[in-house]
Amino acid sequence: MGEHAAKLQKVRLKTPLRAEDLAGLALGTVVYLDGTVYTGREGVYKAAIEDGWPLPTDVSGLSNVNFHCSPAAAQLDDGSFKVGAVTATASFRFAKWLDQWFSLTGTKVIIGKGGMNSETYRDIFVPHGAIYLTTVGYGTGALLGRGIKQVKAAHWIEELSIAQAMWVFEVENFGPFLVESNLAGESLFEKTNREVSANLSKVYEGTRPATLRRYGETDDRSDEVV
Amino acid sequence: MIAIDALETAADRLMEKAAIEIPDDYLGGIKRMVASEKGDLSAFVLEAMLENYEAAKEDRRAMCADTGVPRWFVKIGNEATVQGGPIALEAALRRATANATTRIPLRPNRVHPLWRTDHNNNVGINAPEIDYSFEPDADWIELTSVHKGGLFGTDYRMLFPGDGIEGIKRFFLDTLVAFGKRGLACQPAIIGVGLGGSKDISMTLGKQACCLRVVGDRNPDPKVAALEDELIELGNSIGMGAMGFVGSSMVVDCHIECGYCHTGGMPMSVHAFCLSSRRATARVHRDGRVAYRTDPQWFTPYMRRETVEWESTPQSSRKSA
């Protein structure tokens, strides 16, 4: 990586992440993982939490890292899987299931896209001792694909399809990720948004609000759409 | 007559090239942005993306696992004919989409909006979309594969003549700021702006402007070109960079396309392509020759014609893009 990467703090951690691993992570730290990671998004959450499907495997014994993603993958004729790229999907849509998911599985790390809002961190992540890692760029699909050494399982692939199945990956030097929320529930994105918002009224000078307004419209640009 | 096999083979290859190979024009734009980016986190993201482009090419794996919604743009020469006709052509594009999805592999993204039925091949009702355009004095067919995300970064608004350039700037900023936070728009990106047309065509023009024009291209109308330059500068002055981090890397380029609209309105759309800007084009000739490139040359003088009749001038008809 280039000169900017060199300025950031970097760590490489093994799954399952221990409490002391999590405690040492500051916002904006670059993280790489070794071990086991599983995927779960709306399909998995809804099945397990709303529809009462028994978990297809002992998730808590497997890994405490839940990746909000689905891989670019195909099933080969012999039943094995070919995984190409891996990229996260926007996490804020899954907030409503996470409290129960954390209780059900003991998950401590969510990897995803875009983070959560600070209420979700405060009310759900902090009580469960969980943190959030964001993928980079959205995404470094090829780099993350390289980090997957083996597909250990693809649960519920018949029921939920390739995109929504629970994939279990053995990973090595899997990253980069950035620490978006720490154990205190602070958010790198929200911190950033406050800094960016400070400049916005100047940028908007010389523009004009649309003649035709919309219901619910706001001109408070510190608001977020997530 | 153009053989259907030649078209299907080219389409299959284009799916792969679009998914794996970052177009040079966009890569150059990102490299220039890394050089000028002062925000460490934003620059780190761009450096990681540069590494990702290399990894994708080395491993022949997709740059991004989110296939977006793969779609086709087809330009048909006025003198071209296809073996089996347009029905065979559409079947070939659907087959190539399905086969390439499994072969590369790409993530099957396409589902029924209500039942979430997934054929695991990126094909379904009205998917992939196929847009057509035509070109005078040509006997070839050009296929362009675009894989673009579709959840964030795009918006439409009905503006009015009285909203003026100030209103255009406001809506441009609104879209970039709203979807730029946390990097939901996967910026820095090529931004396409559709101005005028009917509502749906305003969206179509903006989409085509962002996906089918290359970095460095300017609208042939000098005043529109000047507005493109102004919007680039405006977007990069927000103070936001990659992933919404503090920085200046927001707009790699801005392309505006216009369509004549209702006399009382000024509809506008804004579309953000993404950090993988997946597009690839092939010209398939009658004799089966295929030439691959990354510049779709979609907006020709014929596409932008204003007059009732088209005066056929073979030399000038493919100069723009």
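**Figure 1. Crossing of helices α5 and α7 of chain B in the predicted model.** The axes of α5(B) and α7(B), the latter covering residues 222-236, come within 10 Å and cross at roughly 40°. The two helices are therefore oblique to each other. The crossing in which α5(B) passes α7(B) is right-handed. From α5(B), B:Lys169, B:Phe172, B:Leu173 and B:Leu176 take part, and they meet B:Leu231, B:Leu234 and B:Gly235 of α7(B). Sorted by class, this contact comprises five nonpolar residues, one polar residue and one charged residue.

**Figure 2. Packing of helices α1 and α4 of chain B.** Helix α1(B) spans residues 4-20 and helix α4(B) spans residues 85-103. Their axes lie 9 Å apart, at an angle of about 35°, and the crossing of α1(B) and α4(B) is right-handed. On the α1(B) side the contact is made by B:Ile4, B:Leu7, B:Glu8, B:Ala11, B:Asp12, B:Met15 and B:Glu16. On the α4(B) side are B:Ala88, B:Leu89, B:Ala92, B:Leu93, B:Arg95, B:Ala96, B:Thr97, B:Asn99 and B:Ala100. The contact of α1(B) with α4(B) has ten nonpolar residues, together with two polar and four charged ones.

**Figure 3. Crossing of helices α3 and α5 of chain A.** Helix α3(A) is formed by residues 42-50 and helix α5(A) by residues 95-105. Their axes come within 10 Å and cross at roughly 70°. At this angle α3(A) and α5(A) are roughly perpendicular to each other. A:Tyr45, A:Ala48 and A:Ile49 of α3(A) make the contact with A:Trp97, A:Gln100, A:Trp101 and A:Leu104 of α5(A). Six residues of the contact of α3(A) with α5(A) are nonpolar, one is polar and none is charged.

**Figure 4. The contact between chain A and chain B.** Chain B contributes 62 residues and chain A contributes 56 residues. On the side of chain B that touches chain A, the elements giving two or more residues are α3 (40-59), β4 (155-159) and α5 (164-180) of chain B. The largest share of that side comes from α3(B), with 13 residues. The side of chain B that touches chain A has 35 nonpolar, twelve polar and 15 charged residues.

**Figure 5. Surroundings of B:Phe134 in strand β2 of chain B.** Strand β2(B) runs over residues 130-135 and includes B:Phe134. This residue has 14 other C-beta atoms within 10 Å and is therefore partly exposed. With neighbours within four places in sequence left aside, B:Phe134 is in contact with B:Ile76 and B:Asn78. The C-alpha atom of B:Phe134 is separated by 40 Å from that of B:Ala48, which is 86 residues away along the chain.

**Figure 6. B:Gly162 in the loop between β4 and α5 of chain B.** The loop that holds B:Gly162 joins two of the elements that give two or more residues to the side of chain B touching chain A. With 11 other C-beta atoms within 10 Å, B:Gly162 is exposed. B:Gly162 and B:Glu306 are 144 residues apart along the chain, and their C-alpha atoms are separated by 24 Å.

**Figure 7. Chain B as the setting for the views of its helices, strand and loop.** Chain B contains seven helices and nine strands. Its C-alpha atoms fill a box of roughly 55 × 50 × 40 Å along the principal axes. The radius of gyration of chain B is 19 Å, which agrees with the value near 20 Å for a compact globule of 321 residues. Of these 321 residues, 55% count as buried. Among the contacts in chain B between residues at least 6 apart in sequence, 78% join residues at least 24 apart.

**Figure 8. Chain A as the setting for the view of its helices α3 and α5.** Nine helices and nine strands are found in chain A. The box filled by its C-alpha atoms, taken along the principal axes, is roughly 60 × 40 × 35 Å. A compact globule of 226 residues would have a radius of gyration near 17 Å, and the 19 Å of chain A agrees with this. Of the 226 residues, 48% count as buried. Of the contacts in chain A with a separation of 6 or more, 68% are between residues 24 or more positions apart.

Technical notes: Residues are numbered from 1 along each chain as its sequence is written. Chains are lettered from A and ligands numbered from 1 in the order in which they are written. This is a predicted model: local features need pLDDT of at least 70, side-chain atom pairs count only at pLDDT 80 or more; totals for chains, interfaces and linings use all residues. Helices (H or I, at least four residues) and strands (E, at least two) are DSSP runs, numbered from the N terminus. The radius of gyration is taken over C-alpha atoms; the globule rule is 2.2 Å times the number of residues to the power 0.38. A residue is buried if 20 or more other C-beta atoms lie within 10 Å of its own, exposed if 12 or fewer, and partly exposed in between; C-beta atoms are placed from the backbone. Two residues are in contact if their C-beta atoms, placed from the backbone, lie within 7 Å. Axes are lines fitted to C-alpha atoms, for helices over the stretch in contact, and angles run from 0 to 180 degrees between N-to-C directions. Angles under 35 degrees count as roughly parallel, over 145 as roughly antiparallel, 65 to 115 as roughly perpendicular and the rest as oblique. Ala, Val, Leu, Ile, Met, Phe, Trp, Tyr, Cys and Pro count as nonpolar, Asp, Glu, Lys and Arg as charged, and the others, Gly among them, as polar. A crossing is left-handed if the near helix is turned anticlockwise from the far one by less than a right angle, and right-handed if clockwise.
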